[in-house]
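Have the sequence and the 3D view open side by side, and let us walk through this protein together. We will stop at a few residues and look at what surrounds each of them.

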Amino acid sequence: GGAIGIFVSFRANSAYDRWWEGRKLWGRLINTSRMFGTQAVTYVRRKDQELGERMVRRQIAYVHLLRQLLRQLDPWTDDDLMAYLTDAEKERLPKESNPTHALLQQHLDDAQLAFDKGYIDSLQLRSFDESVKHLLDIQGGCERIKKTPLPRGYGFIAERLILYFSILLPLGLTHQAGVIAVPLSVLASTAFMLINEAGRVLEDPFNMFFNGLPLQAMCTTIERNLLQRIEVDDIPAGKVPDHRGILM
């Protein structure tokens with residue numbers, strides 16, 4: 001029992017590390033998006049309102065698109081995303097192998113355009129480069145978690161050990177504990193099963209289960225923050241937990 005506990009706890013801890021890393025990555029995404037929006041407004045929008053606001057709106061589209069892709073949902077049916085894409089982007093992005101990367105490329109294209117027009121200097125252009133680099137690093141970290149599950153062997157071995165343990169434990173306890181061996185066995189086996197299940201559901205932090213990260217709420221936070229920077233009046237309300245206490 002002690003050996004099984006160590007094994008399933010290791011899996012659960014490893015899964016939680018993945019979940020927590022995903023949360024830290026999205027925390028960085030929120031901060032980097034705010035920084036990018038501030039740069040676009042301060043450096044570009046004051047001299048070219050259309051260009052600056054286009055960059056801000058594209059960043060909002062980027063986080064919604066990343067959310068949809070990480071959750072393996074069809075991004076082109078998401079109203080929150082489509083509201084911030086231009087007609088040209090709606091036509092071109094579905095053909096891209098990595099549409100989020102394509103949006104970041106447009107960020108740098110617009111930053112270079114602002115530099116060519118004299119709106120920003122070389123240091124400000126470099127700051128845009130750094131922001132896009134951070135966004136790519138965050139995206140890469142999320143993709144690594146999503147596309148690299150824990151080795152299946154951990155789950156398989158844990159499930160088999162728990163099964164054999166639940167069968168053999170009553171036989172070992174019956175002589176000393178009598179009838180009470182049955183509830184004791186059920187309790188011990190259930191505890192191991194629950195720990196193992198906790199590791200399984202935490203393995204993918206971007207899923208749509210109740211334990212998944214609230215990507216929609218975090219995207220809405222970014223959307224609200226950036227729209228305020230470009231002085232938009234019609235700002236969406238922040239997300240709140242549903243009747244089950246779950247925040248998506």
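What follows is a short tour of salt bridges, a pocket and a few single residues.

Please keep in mind that this is a predicted model. A good place to begin is with the charged side chains, where the count comes to ten salt bridges. One of them brings together Arg58 and Asp110, with N and O at 2.7 Å. This pair links distant parts of the chain, since Arg58 sits in helix 2 and Asp110 in helix 5, 52 residues apart. Are these two partners buried or exposed? Both Arg58 and Asp110 turn out to be buried.

Stay with helix 2 and move along to Arg67. Its salt-bridge partner is Asp78, and the closest N and O atoms of the two are 3.0 Å apart. Arg67 belongs to helix 2 while Asp78 belongs to the loop between helix 2 and helix 3 (79–82), so this bridge ties together parts that lie eleven residues apart in sequence. Arg67 has a relative accessible area of just 2%, and the cut-off for buried is under 20%, so Arg67 counts as buried. Asp78 falls under that cut-off too, because its relative accessibility is 11%.

The next bridge takes us to another part of the chain. Lys146 pairs with Asp204, and their closest N and O atoms are 2.6 Å apart. Lys146 is in helix 6 and Asp204 is in the loop between helix 8 and helix 9, so here the tie is between parts 58 residues apart in sequence. Asp204 itself counts as partly exposed, at 22% relative accessibility. Salt bridges can also share partners, and in this way Arg54, Arg58, Glu89 and Asp110 are joined into one network.

Asp204 leads us on to Asn207. Asn207 is placed in the loop between helix 8 (181–202) and helix 9 (215–229). Which backbone atoms lie by the polar side-chain atoms of Asn207? The backbone oxygen of Asp204 is 2.8 Å from a polar atom of that side chain, and the backbone nitrogen of Phe209 is 3.1 Å from a polar atom of the side chain. Beyond residues up to four places away in sequence, Asn207 touches Arg71, Val201 and Gly212. With a relative accessibility of 11%, Asn207 counts as buried.

Now return to helix 2, where you will find Tyr62. Tyr62 is buried, with a relative accessible area of 0%. Its side chain makes a polar contact of 2.8 Å with the side chain of Gln139. If we leave aside neighbours within four places in sequence, the contacts of Tyr62 are Leu29, Thr100, Leu103, Leu104, Leu135 and Gln139. For a sense of scale, the C-alpha atoms of Tyr62 and Val132 are separated by 11 Å, although these residues are 70 residues apart along the chain.

His134, in helix 6, offers another view. It is partly exposed, with a relative accessible area of 33%. Outside its neighbours within four places in sequence, His134 is in contact with Arg28 and Thr32. From His134 to Phe210 it is 29 Å in space, C-alpha to C-alpha, and 76 residues in sequence.

Let us turn from side chains to empty space. Rolling a probe the size of a water molecule over the atoms reveals where such space is left. The largest pocket has a volume of about 190 Å³. Its lining is made by 14 residues, and the closest to its centre are Leu69, Ser97, Asn98, Glu143 and Lys147. Helix 2 (49–70), helix 5 (99–116) and helix 6 (122–147) each contribute at least two residues to this lining. What is the lining of the largest pocket like in chemical terms? Its residues divide into seven nonpolar, three polar and four charged.

We finish with the backbone. Most residues other than glycine have a negative phi. Gln72, which is not a glycine, has a positive phi of about 60°. Gln72 is placed in the loop between helix 2 and helix 3, and is exposed, with a relative accessible area of 63%. Glu231 is not a glycine either, and its phi is positive at about 60°. You will find Glu231 in the segment after helix 9, where its relative accessible area of 61% makes it exposed.

Definitions and conventions
Residues numbered from 1 in each chain as written. Predicted model: local features only at pLDDT ≥ 70, side-chain atom pairs only at ≥ 80, totals over all residues. Heavy atoms only, no water. Helix = DSSP H or I, 4+ residues; strand = E, 2+ residues; numbered from the N terminus. Buried < 20%, exposed > 50% of the residue type's maximum accessible area, 1.4 Å probe, protein only. Polar contact = N/O pair within 3.5 Å; in protein donor to acceptor, adjacent residues only side chain to side chain. Contact = heavy atoms within 4.5 Å. 1 Å grid on protein atoms, 1.4 Å probe; cavity = no way out; pocket = protein on both sides within 12 Å on 5 of 7 lines; lining within 4 Å. Points joined across faces, edges and corners; volume = space filled by probe spheres on them. Nonpolar A, V, L, I, M, F, W, Y, C, P; charged D, E, K, R; others polar. Salt bridge = Lys/Arg side-chain N within 4 Å of Asp/Glu carboxyl O.
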